[in-house]
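Trainee: Please take one part of this model and go through it closely. I would like to follow how its neighbouring parts are connected to it, with the values given at each step.

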Amino acid sequence: MGQPLSSIHTRESGTWDHVQKLTLCRQLLQRCCDEYRERHGVRIEIDDRQFTRAFFAWLDVVSRNAGYRKRNAPDYFQFAFGVLLRDLLRDKAVHVTTEPSPHLQPATDDIAGWWPVGYLLTWFGIGTLKHVMREECALVVQPAEALSHRDVWQSFRENVVEEPSLAIAYFDRFMGVEPNWREPGQVLNRPGAVNSGAHGSSPS
């Protein structure tokens, strides 16, 4: 697959605070869109209306489940960015506006070219999560082997059409976290929540 997008790895601090602000979150996503265009010759644009809708839906889930952060902060952030991926995909917050240039046509196994929107939004979530984990939890996290498997991506793309919340489970798999395939949008049913003895958080 193509190289990961790196624009999200900024030198700024307070990434979690940044991403919870509409304008700043959009700026971070725009950087990834710009880098994708430079690498692949494909313009991916943000639909401001749909992005705003997805952002506030995500922020509501994050706020209602904030108590989980006190019990298992790493899994809280993992869940939060899985939800962000779900909401951005579900509400079609970005869309492709140009086709690849002939000299930049992707190989058949190049996921970045096969599913531009899914690839970009997934790497946006991964890049932001890595930054937040380092700042908020003093943890360095890396994607798992599954991120390079075309068959996993194909399953991801097919399944989120019918059940958008499965994006959360696939995001967990991409980061090497045990997914909750049955009810991925329910934070209380996450393996990390069960293992930490979490209780009393609001469902998403």
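Mentor: I shall begin with the overall layout, then turn to one helix, the rings and the pocket around it, and finally the loops.

The model is predicted, and every value below is computed from it. The chain has 10 helices and 2 strands, and their order along the sequence is α-α-β-α-α-α-β-α-α-α-α-α. Of its 204 residues, 48% count as buried.

The part I choose is helix H8, which spans residues 150–162. Four residues of H8 are buried, namely Val152, Trp153, Phe156 and Val160. Viewed down the helix axis, these buried residues fall within an arc of 95°, so they line one face of H8. On the face turned away from that buried side, H8 carries the exposed residues Asp151, Glu158, Val161 and Glu162.

Two of the buried residues of H8, Trp153 and Phe156, also belong to an aromatic cluster. Ring pairs join them there with Tyr36, Trp114, Trp115, Tyr119, Trp123, Tyr170, Phe174 and Trp181. One member of the cluster, Trp114, has a charged partner as well: the charged end of arginine 157 sits over the ring of tryptophan 114, 5.0 Å from the ring centre.

The model holds 19 aromatic pairs in total. One of these pairs is formed by tryptophan 16 and phenylalanine 81, with 5.7 Å between the ring centres and 70° between the planes, an edge-to-face arrangement. Tryptophan 16 belongs to helix H1 (residues 15–19) and phenylalanine 81 to helix H5 (residues 73–90), so this pair ties together parts that lie 65 residues apart in sequence. Both partners are buried: tryptophan 16 has a relative accessible area of 4%, and phenylalanine 81 has 0%.

Helix H5 brings us back to H8, for H5 and H8 are the elements that give two or more residues to the lining of the largest pocket. The volume of the largest pocket is about 290 Å³. Its lining has 13 residues, and Leu89, Arg90, Lys92, Val160 and Val161 lie nearest the centre. H5 makes the greatest contribution to the lining, with 4 residues. By type, the lining comprises 9 nonpolar and 4 charged residues, with no polar ones.

The two valines nearest the pocket centre, Val160 and Val161, can be placed on H8 itself. Val160 is one of the buried residues of H8, whereas Val161 is exposed and is on the face turned away from the buried side.

Which residue near the pocket centre has a positive phi without being a glycine? This is lysine 92, with a phi near 50°. Lysine 92 is found in the loop between H5 and S2. Its relative accessibility is 61%, and lysine 92 therefore counts as exposed, the cut-off being over 50%.

Strand S2 (residues 94–96) includes histidine 95. Histidine 95 is partly exposed, at 32% relative accessible area. Its C-alpha atom is 5.6 Å from that of glutamate 45, although the two residues are 50 apart in sequence.

On the other side, the loop between helix H7 (116–137) and H8 contains leucine 139, along with alanine 138 and glutamine 142. Alanine 138 resembles lysine 92 in one respect: alanine 138 is not a glycine, yet its phi is positive, at about 55°, and lysine 92 likewise has a positive phi. With a relative accessibility of 68%, alanine 138 counts as exposed.

Leucine 139 has a relative accessible area of 34% and is partly exposed. Its C-alpha atom is separated by 8.3 Å from that of proline 74, a residue 65 positions away along the chain. Glutamine 142, at 47% relative accessibility, is also partly exposed. The C-alpha atoms of glutamine 142 and lysine 130 are 7.4 Å apart, and these residues are separated by 12 positions in the chain.

To draw the part together: H8 has one face lined by its buried residues, contributes Trp153 and Phe156 to the aromatic cluster, and shares the pocket lining with H5.

Notes: Residues are numbered from 1 along each chain as its sequence is written. This is a predicted model: local features need pLDDT of at least 70, side-chain atom pairs count only at pLDDT 80 or more; totals for chains, interfaces and linings use all residues. Side-chain values use heavy atoms; hydrogens and water are left out. Rings of Phe, Tyr and Trp (its six-membered ring) pair if their centres lie within 6.5 Å; planes under 30 degrees apart count as stacked, over 60 as edge-to-face and the rest as tilted. Buried means under 20% relative accessible area, exposed over 50%, partly exposed in between (1.4 Å probe, protein chains only). A charge sits over a ring if NZ of Lys or CZ of Arg is within 6 Å of the ring centre and within 35 degrees of the ring normal. On a 1 Å grid over the protein atoms alone, a cavity is a set of points where a 1.4 Å probe fits but cannot get out, and a pocket is an open set with protein on both sides within 12 Å along at least five of seven lines; lining residues have an atom within 4 Å of a point. Grid points are joined across faces, edges and corners, and a volume is the space filled by probe spheres set on the points. Ala, Val, Leu, Ile, Met, Phe, Trp, Tyr, Cys and Pro count as nonpolar, Asp, Glu, Lys and Arg as charged, and the others, Gly among them, as polar. The arc is that of the directions from the helix axis to the C-beta atoms.
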